[in-house]
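Trainee: I would like to learn how to read a structure like this one. Could you walk me through it, one feature at a time?

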Amino acid sequence: MADARIQIAPQVKRGDSFEVKIAIRHAMETGYRVDDVGKPIKRNVIRALVCKYNGTEALRVDMSSGFAANPLLQFWLVAGNSGEISFEWDDDAGTRYAERAAVTVAG
Amino acid sequence: MARGAAVSLAVARIGAALLAVACAVPATLAYAQSSTTRVIPLDQLKSGLAYTGEDVRALQADDFANPGMLWVERGEKIWNTPAGADGKSCASCHGDAKSSMKGVAARYPAIDAKSKQLLNIEARINASRSGDQKAPAFAPESEDMLAITAYVNMQSRGVPVGVSIDGAAREHFERGRAFYYTRRGQMNMSCATCHEQNFGKRLFAETISQGQPNDFPIYRLEWQTMGSLHRRLRACLYGVRAELLPVGSPELLDVELFLAWRAQGLKGEAPAVRR
């Protein structure tokens, strides 16, 4: 439930580059911490995040415990056809997540 | 500024032991003459935002980058999701939160008409959650509690804090005020020691603010997550090595009312970002 937010310009022009942002709610538990009674807290960070633009892989990020909690990624893509930007990622706990947003290309 | 001004110990509802401490260091116990005399005058109130850095201010101002917005969004989903015996969502009864919840959080803590208890916004949401929606209450400090509070409180962004301390609220206010000015913990400090006598000065890496409550729940960078006012207060109690009162305890609720009264007129900022 509401694990991520995606931001893309409402309309982009074919051939132009446009910015994509994704903010993900994730504790990115490093595995280096202990709880109040000294028991190690299990590592649970996002492993791989893949972004696809109309089904074609556009970005792959291998994440690790060096990332802060609730990471925010910003990057640029070149506008091709209207369609969809989709994200998929998983974490050490084995949970798989998916989030998508529409992209409208003019011209 | 009235800090360190006339000290009337007669009205101080604090123990005799503290009186001795206060006499030894009179200047450090800024206890106003009447319980509603303001140590920091209304026109000198400043949100904690003023004492953070440029980076934190920028993060808070950007509704995409502000990590607290992730909780707001989750809260919006909860608002619209049916739950409980009758399958109703918050929206089924309250409609659009942007209008129905506007300014609500700014009035809390408040005495609840039904139960006659002092409730903060979390407790009020839970009273409606279990009483009206007939769904299991949100656990204190849980992701869902923080999310729905962030969503409800965001509707009071820009709305001046204004609580009532009349009627049944008054005794809570007095208790909260006494708590605020009582020295506690191994460090023997009161809330006022830091937030009324030393704001603007540095404590290790932090700049001490006036300790205002108009921004909660907050995304605190040190926590790397969202937290309630009571979690913040526990961090302050921990800092002076005092007894850690549980989230939602009557003492913290009373001091929350005092803080809200003291913050009168400061504008709501949830979801805020703090160090």
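Mentor: Gladly; we will go through chain A, the two interfaces, the cysteines and some backbone details. Keep in mind that this is a predicted model.

Trainee: Let's start with chain A. How many helices and strands does chain A have?

Mentor: Chain A has zero helices and nine strands. Read from the N terminus, its elements run β-β-β-β-β-β-β-β-β.

Trainee: What does the C-alpha trace of chain A span along its principal axes?

Mentor: The span is about 60 × 25 × 20 Å. Of the 107 residues in this chain, 40% count as buried. You can also look at how contacts relate to the sequence: among those in chain A that link residues at least 6 apart, 56% join residues at least 24 apart.

Trainee: Now the interface with the other chain. How many residues of chain A are in contact with chain B?

Mentor: On the chain A side there are 16 residues, and they are in contact with 15 residues of chain B. As a general idea, the size of an interface is often given as the accessible area lost when the parts come together. Here chain A and chain B bury about 1,400 Å² between them, with 61% of that on carbon and sulfur atoms.

Trainee: And how many salt bridges are found across the interface of chain A and chain B?

Mentor: Two salt bridges are found there. One of them pairs the side chains of Glu73(B) and Arg5(A), at 3.1 Å from N to O. Between the two chains there are also seven residue pairs in polar contact, both residues being at pLDDT 80 or more. On the chain A side, β1 (4-8) and β3 (17-24) each supply at least two of the residues that touch chain B.

Trainee: Let's move on to chain B. Which domains does the assignment give for chain B?

Mentor: It gives domain 1, made of 44-63 + 161-274, and domain 2, covering 69-154. The C-alpha centres of these two domains of chain B lie 22 Å apart.

Trainee: How many residues of domain 1 of chain B are in contact with domain 2 of chain B?

Mentor: Domain 1 of chain B brings 24 residues into contact with 19 residues of domain 2. Together these domains bury about 1,700 Å², 67% of it on carbon and sulfur atoms. Met226(B), Leu253(B) and Pro271(B) supply 26% of the area that domain 1 buries against domain 2, more than any other three residues.

Trainee: What about charged and polar pairs at that boundary?

Mentor: Zero salt bridges are found across the interface of domain 1 and domain 2 of chain B. The same interface has four residue pairs in polar contact, with both residues at pLDDT 80 or more. On the domain 1 side, α8 (169-181), β6 (225-227), α10 (229-239) and α11 (250-262) of chain B each supply at least two of the residues touching domain 2. Of these, α11(B) gives the most, with five residues.

Trainee: Next, cysteines. How many disulfides does a search of the whole structure find?

Mentor: A disulfide is a covalent bond between the sulfur atoms of two cysteines. The search finds zero disulfides over all chains. For Cys93(B), the nearest cysteine sulfur is that of Cys90(B), 8.5 Å away. For Cys236(B), the nearest is that of Cys191(B), at 7.5 Å.

Trainee: Are Cys93(B) and Cys236(B) buried or exposed?

Mentor: Cys93(B) has 55% relative accessibility, so this residue counts as exposed. Cys236(B) has 27%, so that one counts as partly exposed.

Trainee: Let's finish with the backbone. Which residues does the cis peptide bond with omega of about 5° join?

Mentor: That bond joins Tyr108(B) and Pro109(B). Pro109(B) is found in the loop between α5 (97-100) and β1 (110-111) of chain B. Another cis bond runs from Ala270(B) to Pro271(B), with omega near -5°. Pro271(B) lies in the loop between α11 and β7 (272-274) of chain B, and you have already met this proline among the three residues that supply 26% of the area domain 1 buries against domain 2.

Trainee: Where does Lys134(B) lie?

Mentor: Lys134(B) is in the loop between α6 (121-131) and α7 (143-154) of chain B. Its phi is near 55°, a positive value in a residue other than glycine. At 44% relative accessibility, Lys134(B) counts as partly exposed. Arg241(B) also has a positive phi, near 55°, and is placed in the loop between α10 and α11 of chain B. With 42% relative accessibility, Arg241(B) counts as partly exposed.

Methods. Residues are numbered from 1 along each chain as its sequence is written. Chains are lettered from A and ligands numbered from 1 in the order in which they are written. This is a predicted model: local features need pLDDT of at least 70, side-chain atom pairs count only at pLDDT 80 or more; totals for chains, interfaces and linings use all residues. Side-chain values use heavy atoms; hydrogens and water are left out. A disulfide is a pair of cysteine sulfur atoms within 2.5 Å. Buried means under 20% relative accessible area, exposed over 50%, partly exposed in between (1.4 Å probe, protein chains only). Domain bounds come from an automatic or database domain assignment. Contact means heavy atoms within 4.5 Å. Buried area is the accessible area (1.4 Å probe) that two parts lose on being put together, summed over both. A salt bridge is a side-chain nitrogen of Lys or Arg within 4 Å of a carboxyl oxygen of Asp or Glu. A polar contact is a pair of N or O atoms within 3.5 Å; within protein, one must be able to donate a hydrogen and the other to accept it, and residues adjacent in sequence count only if both atoms are side-chain atoms. Helices (H or I, at least four residues) and strands (E, at least two) are DSSP runs, numbered from the N terminus.
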